[in-house]
Amino acid sequence: MGRDLLRFATAGSVDDGKSTLVGRLLYDTKSVLADQIEAVQRASVDKGLATPDLSLLVDGLRAEREQGITIDVAYRYFGTPTREFVLADTPGHVQYTRNTVTGASTAELAVLLVDARHGVVEQTRRHAAVLALLRVPRLVLAINKIDLVDYDQGVLEAIGKDFAGLARSLGFSTDSGDDAVVTIPVSALVGDNVVERSPRTPWYEGPTLLGHLESVPVTGPEVDAPFRLPVQYVIRPRTEELHDYRGYAGQVASGTVRPGDEVVVLPGGHRTTVASVETADGPLEAAAAGRSVTVLLADDIDLSRGDVIAAAGAPPRVTDDFDATLCWLSEKPLHPGARLLLKHGTRTTQVIVGELRDRLDTDTLALSVPKTLAINDIGRVALRTADPLPVDDYADIRATGGFLLIDPQSGCAVPAAPQVLAGVDDVPSTWIT
Amino acid sequence: MSVPVLDALDSLESEAIHVFREVAGEFDRPVILFSGGKDSTLLVHLAVKAFAPAPVPFPLLHIDTGHNYPEVIEFRDAIVARLGLRLEVAHVQDWIDDGRLTERADGTRNPLQTVPLLDSIVEKRFDAVFGGGRRDEERARAKERVMSLRDAFGRWDPRKQRPELWNLYNGRHAAGEHVRVFPISNWTELDVWRYIQREGIALPSIYYSHQREVFRRDGMWLAEGPWGGPRGNESLELRTVRYRTVGDGSCTGAVESTATTLDEVIAEVTASRLTERGATRADDRLSEAAMEDRKREGYF
C-alpha cells in the first residue's frame with residue numbers, strides 16, 4: 001500500500017489569483033523543476049515584471065499568455081511524502097462554466113478562491129452553486145490577497161461568515177465539528193498559509209491549505225454505499241480452455257463486491273450470485289469502489305454492456321420517467337419537447353425533455369419557472385427515456401445518479417462539435433412514477 | 001472485513017483500464033500508437049490487463065521515423081510476438097520517397113510523423129487512437145481531455161473541447177473525425193516508473209545506463225545515426241548515459257546517468273531538477289508553445 005491520491009479542483013473569479021495560488025502550491029512543494037522555473041523567469045522578464053509570475057507555470061496556451069487568462073481546465077500533479085495530488089485548475093470566466101463542471105465532477109474537494117478586497121461576489125455564488133450541484137464532498141474557501149487588506153482579522157472573518165451562510169443555504173454542512181467547509185486566509189503571492197503557516201495571521205488557528213489537503217479523506221460517499229457495477233464490456237476469450245468464460249468487466253462504482261454476494265442485474269431484474277471477482281493479477285477476496293474488475297456470475301444470464309450489476313438487498317430504482325437537475329452547457333437553449341441522447345453509466349438511450357420545472361437564480365438562490373434553459377443555467381426538468389434506467393440519488397452514488405445529455409443533431413454536424421450537457425439526478429421526492 | 005482504499009497506482013491503473021474498456025465498448029476500429037518507448041509499452045501492458053484473459057481487441061500502430069535505436073525496434077518486435085498482437089507500421093521514409101513529405105533542413109523527423117499518422121487513420125478507418133500522452137509532460141498537454149475530438153484534418157481546438165464529466169466520455173463524432181484517447185493522462189513520470197517497477201514491465205535497454213558514443217548539440221547528448229552525426233566542431237565521445245524518453249533519434253538526447261536498475265532510475269527521476277522533455281527533447285524547445293502548435297496540426 002503506497003501513498004494515496006486526492007483529486008481536487010480549484011475555482012474562482014478572474015483575477016482572484018487562482019493560477020498564482022496553484023503556481024505557489026507547485027513551487028512550495030518543490031513540484032516545479034528547474035527548466036520550468038527558468039522558462040517562467042525568462043517569460044516574466046520578457047513581460048517586464050519584477051518578480052516571477054507564478055501563474056505562467058499553469059497558463060500554457062498562446063491565448064492564455066497573451067490575454068493573461070485561463071481558458072481550459074489544466075490538470076496539475078504534485079506530491080508530498082504522504083499523498084499524491086491531481087489538481088484540476090478550472091477557469092473563472094462565466095462562459096467556461098463547462099470547464100469548471102468538468103474539473104469539479106471528479107473532485108473530492110474544491111478550493112474556491114475569493115479576493116479579500118471583494119469578498120463573496122456573483123461568480124463565487126455561481127461556482128458554489130455548481131459545486132453544490134455536483135455534490136463535491138468538501139469545500140475550502142481560500143480568501144486570497146490578505147496582504148492587500150493588511151491581514152485584517154475583522155475583514156477576513158466577515159467574508160468567512162458571509163460564505164458560511166451561502167454554503168449552508170446550498171446544502172453544505174457548516175458544523176464546526178466536521179470539515180465539509182473550511183475557510184483559510186492566504187496570500188498566494190507571498191505564500192501566507194499556503195504551505196507555510198504565516199506569522200502575520202496569529203489569530204488564525206486552522207490548518208494551512210496544504211496541511212488540510214494532506215489530511216482530508218480521499219474518498220467520497222461511494223465507499224459506504226451499496227454495490228453498483230455498470231457493465232462496460234463482456235470478456236469472452238473463446239479459447240479451448242476458457243470456452244465457457246464470460247466475464248463482466250467494469251469499474252466498481254460504489255460499495256464493495258465479494259464472491260458469494262447476492263446481486264441483481266438491472267434493468268432486467270435477474271438475480272444471481274457473484275462467483276468470482278477477477279483481475280489480470282488473479283482473483284480478489286473483495287473489490288471496493290474505484291477498482292476495475294471482471295465479475296463472473298453463478299448463472300448464465302443475458303447481460304451486456306449498459307446493464308448494471310447491483311447489491312440484491314439494496315438495488316437502485318428502475319425508471320424511465322423522472323425529474324433531474326441540469327447544468328445546461330450548450331450554446332443552443334433547451335426547450336420543452338427536445339429530443340436528445342442520455343448517457344447514464346455505460347448505457348446511451350434516447351430521451352424526451354418534458355416540462356421545465358424551475359430555474360435557479362445563482363445570485364439570489366430564488367427559483368422561477370423558465371421558458372427555456374440557456375447556457376450555464378441550472379434548472380430542474382422532467383425527462384422520459386426510451387429504455388428504463390437503474391438510477392440512484394446523485395447524493396449517494398455519483399456514478400449511477402449522474403448522466404450526460406448529448407445533442408444527436410450537432411453530434412453528426414461538421415464542423416460543429418456536439419453539445420454536451422451535464423445532468424444530475426434530483427432528490428427522491430421528485431420522482432414521478 | 002474492511003477493504004482498503006486504492007493507493008495512487010491502483011487508482012491510476014483502474015482509471016486507465018476503465019478508459020480502454022469504454023473505447024472497446026463504443027468504437028468500431030480503435031488502435032494503440034506504439035513506439036516501443038516506456039509510455040506506449042505501459043499502454044500495451046494496461047490494455048492486456050483490461051481484457052485478460054481475452055486478447056487485446058485492437059492492433060498497434062507505429063509511425064516509424066526511420067531514425068530508430070535498434071534496441072527499441074528489437075524490443076517492439078519481441079513484445080508484439082510475445083503477446084500475439086497485430087502491428088501496423090507507417091514508414092515516414094515512404095512518404096518522403098513518394099514526395100508527400102520533404103526532409104527538413106535540420107534532419108529532424110519528429111514533426112514529419114503527423115502526416116503519416118493522419119493518412120494511416122484515414123486509410124485504415126481508425127476511429128479511436130490511443131496515445132501515451134501524459135498531462136504532466138507539458139503545459140498544452142495539461143489541458144487535454146482524456147477523450148479528445150479531432151476534426152477531419154486531425155486538428156485539436158483547445159477552445160472547443162467538450163465537457164468531460166465524471167468518467168462518462170462522449171465519443172460521438174462525424175464520419176472522417178476521430179478521437180484521441182489518453183488512458184494515462186493523470187500519470188506522472190514518477191508514477192510510470194514506480195508502476196513499471198511494481199509490475200515488472202520490461203523496457204528497451206536504452207532506458208538504463210550504458211556506454212555510448214555521443215556528441216554535444218544544443219546542450220544535449222545526441223547519438224550518431226542516419227540523421228547526421230557530429231558536424232563542425234562537434235565531436236564524438238564515449239559517455240555513460242541513458243535515455244529518459246525515446247523519440248526520433250535526431251532530437252532525442254541522452255542524459256548522463258549511472259542508473260542501471262529500476263531503483264536507481266526512480267531515485268534519479270525523484271532527484272531530477274529537469275522535466276523529461278526539458279532535458280531531452282529538442283523539438284519542445286523550439287518555442288514557448290511548440291507542443292501546442294504541433295498538437296493543433298494533429299500531432300500525437
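**Strands and helix α3 in chain B**

User: In this predicted model, what makes strand β7 (residues 210-217) and strand β9 (residues 237-242) of chain B a pair?

Analyst: Five bridges join β7(B) to β9(B), and the two strands run antiparallel. Pairing takes at least two bridges, so β7(B) and β9(B) qualify. Within this pairing, B:V214 stands opposite B:E237.

User: How do you know that β9(B) also pairs with strand β10 (residues 255-256) of chain B?

Analyst: Two bridges join β9(B) to β10(B). The cut-off is at least two, so they count as paired. These strands run antiparallel. B:R242 of chain B stands opposite B:V255 in β10(B).

User: How do you know that the length of helix α3 (residues 70-83) of chain B agrees with what its residues should span?

Analyst: α3(B) has 14 residues, and at 1.5 Å a residue they should span 20 Å. The end C-alpha atoms are 20 Å apart, which agrees.

User: Which residues of α3(B) are called buried, and why?

Analyst: They are B:V72, B:F75, B:R76 and B:I79. Buried requires 20 or more other C-beta atoms within 10 Å of a residue's own, so each of these four meets that cut-off.

User: What puts these buried residues on the same side of α3(B)?

Analyst: They cover an arc of only 105° around the axis, which puts them on the same side. The buried residues pack against α2 (38-51) and β2 (60-64) of chain B.

User: Which exposed residues does the face turned away from the buried side of α3(B) carry?

Analyst: That face carries B:P70, B:D77 and B:A81. Just after the helix, B:G84 takes a positive phi of about 65°.

Note on methods:
Residues are numbered from 1 along each chain as its sequence is written. Chains are lettered from A and ligands numbered from 1 in the order in which they are written. This is a predicted model: local features need pLDDT of at least 70, side-chain atom pairs count only at pLDDT 80 or more; totals for chains, interfaces and linings use all residues. The expected span of a helix is 1.5 Å times one less than its number of residues. A residue is buried if 20 or more other C-beta atoms lie within 10 Å of its own, exposed if 12 or fewer, and partly exposed in between; C-beta atoms are placed from the backbone. The arc is that of the directions from the helix axis to the C-beta atoms. Two residues are in contact if their C-beta atoms, placed from the backbone, lie within 7 Å.
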